[in-house]
Amino acid sequence: MARPREFDERAALEAASDIFWTKGYEATSTRDLMARMGLTPSSMYAAFGDKRRLFRRALDHYLERLREKMSYLEANASPGEAITGFFWDTIERTLGDALQRGCMLVNSALEVSPQDAELCGAVAQELKLIEGFFRARFSEGQQRGDIANTHSADNAARQLLAVLLGIRVLARVRPERLLLTEAAGQTLELLGLPPLPAAAASAKRSLRRRS
């Protein structure tokens with residue numbers, strides 16, 4: 001009979017996700033992983049397999065939070081506010097990370113070799129998930145009459161995804177709130193979506209000064 005595992009698998013995945021996120025796949029060694037996860041080589045390989053399989057599990061663990069965020073916004077906000085809220089949450093989390101690690105998914109997209117079809121496919125599938133979230137919310141907003149039909153949902157989703165990825169990359173070297181909020185805000189305005197909370201507050205202050 002197999003012996004029960006004597007460690008918290010979720011905590012181990014959290015540790016692996018953290019170090020892959022910080023150092024990247026290639027720069028993270030097996031020794032790094034064992035030290036951070038607090039496991040022996042035999043325990044790590046028995047539970048997670050080799051470094052590559054562990055990375056896939058760690059990336060999926062990281063992305064659980066992303067999927068939870070999309071589900072929460074879909075259930076608790078209007079379609080337009082869900083899109084704006086996604087950008088707002090992304091910017092806040094990015095600026096709140098003292099290590100300036102950016103996004104593990106985007107970092108993986110930049111690091112993975114085009115010859116690595118399996119990993120490229122896994123990253124691409126997750127990016128399609130985000131694009132699909134934007135498309136579905138945009139389309140629903142148009143059906144409800146909250147968002148103008150000036151742009152197609154397909155084009156809007158692709159543009160929103162491109163801006164999101166740009167913000168994530170830019171934030172690694174220039175984590176400046178004004179820069180990131182203006183980059184997102186201009187696209188949201190162009191597509192007829194609600195403004196970011198900071199932009200809305202600034203507009204209200206400006207109106208009060210004029211009155």
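The largest nonpolar core of this predicted model holds 57 residues, and the members that touch the most others are Met-37, Phe-48, Leu-54, Phe-86, Phe-87 and Phe-134. In soluble globular proteins, nonpolar side chains tend to be buried together. Beyond its neighbours up to four places away in sequence, Met-37 touches Ala-12, Ala-15, Ala-16, Met-44, Phe-48 and Leu-54. Two of these partners, Phe-48 and Leu-54, are also on the list of core residues that touch the most other members.

The chain around this core is built from 10 helices and 0 strands. Read along the sequence, the order is α-α-α-α-α-α-α-α-α-α. Its C-alpha trace spans about 70 × 35 × 35 Å along the principal axes. Of the 211 residues, 41% count as buried. Among contacts with a separation of 6 or more, 68% join residues 24 or more positions apart.

What does the surface consist of? The chain exposes about 11800 Å², and carbon and sulfur atoms supply 52% of that area. The chain carries 30 positive and 27 negative side chains, and the centres of the two sets lie 3 Å apart.

Helix α6 covers residues 104-111, and Met-104, Leu-105, Val-106, Asn-107 and Ser-108 in this helix are buried. Which helices do the buried residues of α6 pack against? They meet α1 (9-23), α4 (51-76), α7 (117-144) and α8 (153-173).

Several single residues can be set side by side by their relative accessible area.

| Residue | Relative accessible area | Class |
|---|---|---|
| Gly-80 | 6% | buried |
| Cys-103 | 8% | buried |
| Lys-69 | 13% | buried |
| Cys-120 | 25% | partly exposed |
| Gln-100 | 33% | partly exposed |

Lys-69 lies in helix α4. Is Lys-69 buried or exposed? Lys-69 counts as buried because its relative accessible area is 13%, under the 20% limit. Leaving out residues up to four places away in sequence, Lys-69 touches Phe-86, Asp-89 and Thr-90. Of these, Phe-86 is one of the core residues that touch the most other members.

Gly-80 belongs to helix α5, which covers residues 79-95. With a relative accessible area of 6%, Gly-80 is buried. Apart from neighbours within four places in sequence, Gly-80 is in contact with Ile-147, Leu-193 and Pro-194. Gly-80 and Glu-140 are 60 residues apart in sequence, and their C-alpha atoms are 8.8 Å apart in space.

After helix α5 comes a loop, and Gln-100 lies in this loop between α5 and α6. Where phi is concerned, Gln-100 has a value near 55 degrees, which is positive in a residue other than glycine. Gln-100 is partly exposed, at 33% relative accessible area.

How many disulfides does the whole structure contain? A search finds 0. Cys-103 is in no disulfide, and the nearest cysteine sulfur, that of Cys-120, is 16 Å away. Cys-120 is likewise in no disulfide, with the sulfur of Cys-103 as its nearest cysteine sulfur. A disulfide is a covalent bond between the sulfur atoms of two cysteines. The pair does not count as a disulfide because the sulfur atoms would have to be within 2.5 Å, whereas they are 16 Å apart. Cys-103 is buried at 8% relative accessibility, whereas Cys-120 is partly exposed at 25%.

Definitions and conventions:
Residues are numbered from 1 along each chain as its sequence is written. This is a predicted model: local features need pLDDT of at least 70, side-chain atom pairs count only at pLDDT 80 or more; totals for chains, interfaces and linings use all residues. Side-chain values use heavy atoms; hydrogens and water are left out. Helices (H or I, at least four residues) and strands (E, at least two) are DSSP runs, numbered from the N terminus. Buried means under 20% relative accessible area, exposed over 50%, partly exposed in between (1.4 Å probe, protein chains only). Contact means heavy atoms within 4.5 Å. Accessible areas come from the Shrake-Rupley method with a 1.4 Å probe; for residues, only the protein chains shown count as cover. Lys and Arg count as positive and Asp and Glu as negative; His and the chain ends are not counted. The place of a charge is taken as NZ of Lys, CZ of Arg, CG of Asp or CD of Glu. A nonpolar core is a set of buried Ala, Val, Leu, Ile, Met, Phe, Trp, Tyr and Cys residues joined through side-chain atoms within 4.5 Å.
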